[in-house]
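Reader: I've got a chain on my screen and a few things I'd like to ask about it. Could you walk me through it?

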Amino acid sequence: MSGKNLGFGDKLANITPDTEEPARIPDARIDEVGERHGFVAREPIQKLTRRKPSEPSANLNIRPPITTFNRFLIFCEQNRMSYPEALKELMDRAGV
């Protein structure tokens with residue numbers, strides 16, 4: 001060993017790292033012990049949503065004639081679809 005002699009002798013050379021994996025304690029168990037001792041969890045509360053995740057969206061602005069718009073709106077209402085769902089359905093039917 002080189003460098004200064006700090007008075008540890010060979011004690012540092014004899015230190016070996018632990019080979020055992022540290023015990024995995026479930027987070028719920030850690031939270032339970034913390035609450036028992038008066039600690040309060042500070043993790044942000046996750047907001048729940050009813051919507052399922054979807055792919056990114058883009059804007060589509062069109063100005064169809066009123067008759068076409070009315071037909072599209074009636075199609076959406078009769079099939080209980082949003083505009084994007086109805087557009088996808090019509091494109092699927094057209095094979096686009």
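Author: Sure. Helices here are DSSP runs of H or I with at least four residues, and strands are runs of E with at least two, numbered from the N terminus. Keep in mind that this is a predicted model.

Reader: What pattern does the protein follow along the sequence?

Author: Start with the count: the protein has three helices and zero strands. Read along the sequence, that comes out as α-α-α.

Reader: What radius of gyration does the protein have, set against a compact globule of 96 residues?

Author: Look at the spans to begin with: along the principal axes, the C-alpha trace covers about 95 × 40 × 25 Å. A compact globule of 96 residues would come in near 12 Å, but the protein has a radius of gyration of 32 Å.

Reader: And how much of the protein counts as buried?

Author: Buried means under 20% relative accessible area. The protein exposes about 10600 Å², with carbon and sulfur atoms supplying 54% of that. Of the 96 residues, the share that counts as buried is 4%.

Reader: How far apart are the mean positions of the positive and negative charges?

Author: There are 15 positive and 14 negative charges to average over. Their mean positions lie apart by 10 Å.

Reader: Which residues gather in a patch of negative charge on the surface?

Author: Take one member, Asp27, which sits in helix H1 (residues 27–36). Patch residues need over 30% relative accessible area, and Asp27 is exposed because its value is 58%. The patch as a whole is Asp27, Asp31, Glu35 and Glu43.

Note on methods:
Residues numbered from 1 in each chain as written. Predicted model: local features only at pLDDT ≥ 70, side-chain atom pairs only at ≥ 80, totals over all residues. Heavy atoms only, no water. Patch = residues over 30% accessible without salt bridge, like charges linked within 9 Å, V, L, I, M, F, W, Y side chains within 5 Å. Areas by Shrake-Rupley, 256 points an atom, 1.4 Å probe, with all protein chains shown as cover. Salt bridge = Lys/Arg side-chain N within 4 Å of Asp/Glu carboxyl O. Lys, Arg positive; Asp, Glu negative; His and termini not counted. Charge placed at Lys NZ, Arg CZ, Asp CG, Glu CD. Buried < 20%, exposed > 50% of the residue type's maximum accessible area, 1.4 Å probe, protein only. Rg over C-alpha atoms; globule rule 2.2 N^0.38 Å.
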